[in-house]
Number of protein chains: 2
Amino acid sequence: MRNSRSDVVAAAMRVLDTHGLEGCSMRRVAADLGVQPGALYHHVPNKQTLLALMADEIVADVVPDADPHTTTSARATDDAVRLCRALRDAMLRVRDGADVVATAAAFRLGASRVEAELAALVGPAGARTLLLYTFGHAQSTQTRLQARVFGALVGDADTLETGDVDATALDISFTEGLAIISCGLLGGGSATIPHSGQSESAG
Amino acid sequence: MRNSRSDVVAAAMRVLDTHGLEGCSMRRVAADLGVQPGALYHHVPNKQTLLALMADEIVADVVPDADPHTTTSARATDDAVRLCRALRDAMLRVRDGADVVATAAAFRLGASRVEAELAALVGPAGARTLLLYTFGHAQSTQTRLQARVFGALVGDADTLETGDVDATALDISFTEGLAIISCGLLGGGSATIPHSGQSESAG
DNA sequence: ACCTGAACACCGTTCAAGT
DNA sequence: ACCTGAACACCGTTCAAGT
């Protein structure tokens, strides 16, 4: 054989890095592989599936950096926050990564590995809340940092006026929201208390 | 004159309703207006701008249904939650509305009217957190409900297995997340206390 | 099994020329 | 000022035919 499915995904990741999500066309991926556009459809049924595979790769090595001795719920919330941080880092590491992951995740929210891990720590409602916030903030961050680069290239004076944001300011902004949510998770009330083990369905 | 800018936006909203965001092409909007594609560029510089105008229209009449006697912060948080609910309703009211608004908002987070109102109630960090959650949840909701309709048309048996979600279940899910965040906003700690009047910059 | 060649049915955007 | 006609440089996807 000449090309495998993972060759296609690897090529797509390369094109994503050099041309961004908007420029990541099937035809360009094919060109990167030195192959005709139609050839891709032997390895992948359509573009949407290819994007989902890319999203999986971006998120692949997002792991909680703490061992699972979840006794107090304060500890669990802390682990969940760390997992969100790792997820955010993974998405920001690749060009337009947040958009790729968020788009693919929208289709199957409730079915991802990271969400399951979060749900085990802080319950399903907490997991959704954290995940949606993390996706949204990362997308916004990436859009703004990219706009800043673009503005710098054009020499746009408005850039400093409307978007005087740097990476560290956005980091702090992310942390603030995370603090609000985790505070709400600890505050009791309507927040579901997670089972310390797995949930009933592993599907 | 034959067509104004608002005619173009109105036509775009019609096309959005009948064909969805994916099918909302400049050429189709032009056809709806009985005009050549190039004619649109007399009223709008590009498609991105048209989408932003559509987003403005979708969100236009999102107003807080409570008067501004913000004395206790519990009251302010409640108003903020109600504003998020109104925003969500407005987005869900039109086909793919959440995607349209979220895409347009990503470009200028920190510059929208609704965000400013939220910030006045619960501070900038709280506003961002609520807004990103509301966008993300609404997008996910709309994607899933649409997938359910599609599955029903195709008669896909997996629909019931993987996505047994209805509108009310998603409503409850939204409320749960909102409860977590507002609980965090009230919990004090790192949440910024809003000024009861305006912030320093009205820009 | 994997790929080529070629087509089909589309896109957003530009721009001279008309009225 | 607003629009036509026509083009430019692209898309995703399909499919007979080759090896």
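This presentation describes how selected helices pack in a predicted model and how the protein meets two DNA strands.

Good morning. Because the model is predicted, please take every distance and angle that I quote as a computed value. I shall begin with the DNA and then turn to the helices.

Let us start with DNA strand D. How many residues surround DNA strand D? There are 16 of them, and the closest are Arg27(A), Tyr41(A), Lys47(A), Gln36(B) and His43(B). Both chain A and chain B therefore appear in that list of closest residues. Which part of the strand do these residues approach? Among the atoms of DNA strand D that come within 4 Å of the protein, sugar and phosphate account for 57%. By class, the surface near this strand has seven polar, five nonpolar and four charged residues.

Some individual contacts make this picture more concrete. In chain A, a polar side-chain atom of Lys47(A) lies 2.9 Å from a phosphate oxygen of DNA strand D. The side chain of Ser25(A) also has an N or O atom 3.1 Å from a phosphate oxygen of this strand. In chain B, the side chain of His42(B) places an N or O atom 2.9 Å from a base nitrogen of DNA strand D.

We now move to DNA strand C. It is surrounded by 16 residues, and the closest are Gln36(A), His43(A), Arg27(B), Tyr41(B) and Lys47(B). Sugar or phosphate makes up 57% of the strand C atoms within 4 Å of the protein, and the rest belong to bases. The surface near DNA strand C has five nonpolar, seven polar and four charged residues.

Here too, phosphate and base contacts can be named. A polar side-chain atom of His43(A) lies 3.4 Å from a phosphate oxygen of DNA strand C. For Met26(B), a backbone N or O atom lies 3.0 Å from a phosphate oxygen of the strand. Arg27(B) has a side-chain N or O atom 2.6 Å from a base nitrogen.

I turn next to the helices. Where do the two chains meet through helix α8? Helix α8 of chain A, residues 167-186, packs against α8(B) at an angle of about 100 degrees, with the axes 7 Å apart. The two helices are therefore roughly perpendicular to each other. In this contact, Ile180(A), Ile181(A), Cys183(A), Gly184(A) and Leu185(A) meet Ile180(B), Ile181(B), Cys183(B), Gly184(B) and Leu185(B). By class, the contact has eight nonpolar, two polar and no charged residues.

Within chain B, α8(B) also has α4(B) as a partner. The axes of α4(B), residues 73-93, and α8(B), residues 167-186, come within 10 Å and cross at roughly 150 degrees. The pair is therefore roughly antiparallel, and α4(B) passes α8(B) in a right-handed crossing. Residues in contact include Val81(B) and Cys84(B) from α4(B), and Phe174(B) and Leu178(B) from α8(B). Eight nonpolar, four polar and three charged residues make up the contact.

Finally, consider helix α1 of chain B, residues 5-19, and helix α3 of chain B, residues 47-59. Their axes come within 10 Å and cross at roughly 80 degrees. These helices are therefore roughly perpendicular to each other. Arg5(B), Val8(B), Val9(B), Ala12(B), Met13(B) and Leu16(B) in α1(B) are in contact with Leu50(B), Leu53(B), Met54(B), Glu57(B) and Ile58(B) in α3(B). This contact has nine nonpolar, no polar and two charged residues.

Thank you for your attention.

Conventions. Residues numbered from 1 in each chain as written. Chains lettered and ligands numbered in written order. Predicted model: local features only at pLDDT ≥ 70, side-chain atom pairs only at ≥ 80, totals over all residues. Heavy atoms only, no water. Axes fitted to C-alpha atoms, helices over the stretch in contact; angles between N-to-C directions. Helix = DSSP H or I, 4+ residues; strand = E, 2+ residues; numbered from the N terminus. Parallel < 35°, antiparallel > 145°, perpendicular 65-115°, else oblique. Left-handed = near helix turned anticlockwise from the far one by under 90°. Contact = heavy atoms within 4.5 Å. Nonpolar A, V, L, I, M, F, W, Y, C, P; charged D, E, K, R; others polar. Near = heavy atom within 4 Å. Polar contact = N/O pair within 3.5 Å; in protein donor to acceptor, adjacent residues only side chain to side chain.
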